[in-house]
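Dear colleague,

Please find below the structure that I am handing over to you. My notes on it follow directly after.

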Amino acid sequence: MRDYLPSGGGALVLDIGAGSGRDAAWLAEQGHDVVAVEPAAELRQEAQRRHPDEWISWLGNMVPI
(Lines give C-alpha, C1' and ligand atoms only; values in the text may rest on other atoms or scores of the structure.)
Protein backbone atom coordinates (compact mmCIF):
# COMPACT_ATOMS: atom_id res chain seq x y z
CA MET A 1 0.00 0.00 0.00
CA ARG A 2 2.92 2.32 0.71
CA ASP A 3 3.74 2.57 -3.02
CA TYR A 4 0.35 4.15 -3.73
CA LEU A 5 0.50 6.89 -1.09
CA PRO A 6 2.35 10.18 -1.31
CA SER A 7 5.53 10.14 0.74
CA GLY A 8 5.53 12.47 3.72
CA GLY A 9 1.79 12.22 4.30
CA GLY A 10 -0.92 14.66 3.34
CA ALA A 11 -3.38 12.27 1.70
CA LEU A 12 -6.98 11.83 2.75
CA VAL A 13 -7.50 8.08 3.13
CA LEU A 14 -10.76 6.16 3.53
CA ASP A 15 -10.47 2.92 5.53
CA ILE A 16 -13.69 0.98 5.00
CA GLY A 17 -14.22 -1.87 7.44
CA ALA A 18 -11.56 -0.43 9.74
CA GLY A 19 -11.99 -3.18 12.33
CA SER A 20 -9.45 -2.84 15.15
CA GLY A 21 -8.04 0.35 13.64
CA ARG A 22 -4.58 -1.07 13.00
CA ASP A 23 -4.34 0.17 9.41
CA ALA A 24 -5.98 3.52 10.21
CA ALA A 25 -3.42 4.07 12.98
CA TRP A 26 -0.52 3.19 10.67
CA LEU A 27 -1.80 5.55 7.98
CA ALA A 28 -2.19 8.37 10.53
CA GLU A 29 1.37 7.71 11.78
CA GLN A 30 2.56 8.23 8.19
CA GLY A 31 1.00 11.71 8.25
CA HIS A 32 -2.26 11.03 6.43
CA ASP A 33 -5.77 12.13 7.44
CA VAL A 34 -7.89 8.99 7.84
CA VAL A 35 -11.63 8.47 7.76
CA ALA A 36 -12.16 5.05 9.34
CA VAL A 37 -15.56 3.43 8.81
CA GLU A 38 -16.50 0.52 11.07
CA PRO A 39 -20.21 -0.35 11.36
CA ALA A 40 -19.83 -2.67 14.38
CA ALA A 41 -20.24 -0.27 17.32
CA GLU A 42 -18.33 -2.41 19.84
CA LEU A 43 -15.38 -2.89 17.50
CA ARG A 44 -15.33 0.79 16.53
CA GLN A 45 -15.40 1.89 20.19
CA GLU A 46 -12.51 -0.42 21.05
CA ALA A 47 -10.52 0.83 18.04
CA GLN A 48 -11.12 4.43 19.11
CA ARG A 49 -9.91 3.58 22.61
CA ARG A 50 -6.76 1.87 21.27
CA HIS A 51 -5.97 4.55 18.69
CA PRO A 52 -6.94 8.00 20.05
CA ASP A 53 -5.32 9.82 17.15
CA GLU A 54 -6.63 13.25 16.18
CA TRP A 55 -5.93 12.43 12.52
CA ILE A 56 -8.45 9.56 12.52
CA SER A 57 -12.15 10.34 12.15
CA TRP A 58 -14.34 7.39 13.08
CA LEU A 59 -17.72 6.73 11.46
CA GLY A 60 -20.30 3.99 11.96
CA ASN A 61 -22.83 2.62 9.53
CA MET A 62 -23.59 5.40 7.06
CA VAL A 63 -26.26 3.56 5.09
CA PRO A 64 -29.80 3.45 6.49
CA ILE A 65 -31.11 -0.10 6.66
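**Burial and overall form**

Of the 65 residues of the chain, 32% count as buried, where buried means under 20% relative accessible area, exposed over 50% and partly exposed in between (1.4 Å probe, protein chains only). Please note that this is a predicted model, in which local features need pLDDT of at least 70 and side-chain atom pairs count only at pLDDT 80 or more, while totals for chains, interfaces and linings use all residues. Residues are numbered from 1 along each chain as its sequence is written, and side-chain values use heavy atoms, with hydrogens and water left out.

The chain has a radius of gyration of 12 Å, which agrees with the value near 11 Å for a compact globule with 65 residues; the radius is taken over C-alpha atoms, and the globule rule is 2.2 Å times the number of residues to the power 0.38. Along the principal axes, the C-alpha atoms fill a box of roughly 35 × 25 × 15 Å. Among contacts (heavy atoms within 4.5 Å) with a separation of 6 or more, 27% are accounted for by residues 24 or more positions apart.

**Strands, helices and their order**

The chain contains two helices and three strands, and along the sequence they follow the pattern β-α-β-α-β. Helices (H or I, at least four residues) and strands (E, at least two) are DSSP runs, numbered from the N terminus.

Strands β1 and β2 run parallel and are joined by five bridges; β2 and β3 also run parallel, joined by four bridges. Two strands are taken to pair if DSSP finds at least two bridges between them. In the β1–β2 pair, Val13 stands opposite Val34 in β2, and in the β2–β3 pair Ala36 stands opposite Trp58 in β3.

Two β-α-β units result from this order. β1, α1 and β2 make a right-handed one, and β2, helix α2 (residues 41–50) and β3 make a right-handed one as well. A crossover is right-handed if, with the strands pointing away from the viewer, the path from the first strand over the helix to the second runs clockwise.

**The nonpolar core**

In soluble globular proteins, nonpolar side chains tend to be buried together. Here, the largest nonpolar core has eleven residues: Ala11, Val13, Ala18, Ala24, Leu27, Ala28, Val34, Ala36, Ala47, Ile56 and Trp58. Two or more of them come from each of α1 (22–29), β2 (33–37) and β3 (56–59), and α1 gives the largest share, three residues. A nonpolar core is a set of buried Ala, Val, Leu, Ile, Met, Phe, Trp, Tyr and Cys residues joined through side-chain atoms within 4.5 Å.

Ala24 illustrates the packing: leaving aside neighbours within four places in sequence, Ala24 is in contact with Asp15, Val34, Ala36 and Ile56. Strand β1 (residues 12–16) has a covered face, Val13 and Asp15, and an uncovered one, Leu12, Leu14 and Ile16. In β3 the side chains alternate, with Ile56 and Trp58 buried on one face, while Ser57 and Leu59 point to the other and are not buried.

**Three individual residues**

His32 lies in the loop between α1 and β2 and is buried, because its relative accessible area is 2%. The side chain of His32 reaches the backbone nitrogen of Ala11 at 3.2 Å. Residues up to four places away in sequence not counted, His32 touches Leu5, Pro6, Gly9, Gly10, Ala11, Val13, Leu27 and Trp55.

Leu59, in strand β3, has a relative accessible area of 34% and is therefore partly exposed. Its C-alpha atom is separated by 6.2 Å from that of Ala36, 23 residues apart along the chain. Beyond residues up to four places away in sequence, Leu59 touches Val35, Ala36, Val37, Glu38 and Arg44.

Asp23 is found in helix α1 and counts as partly exposed, because its relative accessibility is 32%. A polar contact of 3.1 Å joins the side chains of Asp23 and Arg22; such a contact is a pair of N or O atoms within 3.5 Å, and within protein one must be able to donate a hydrogen and the other to accept it, while residues adjacent in sequence count only if both atoms are side-chain atoms. Asp23 and Val34 are eleven residues apart in sequence and 9.6 Å apart in space, C-alpha to C-alpha.

With kind regards
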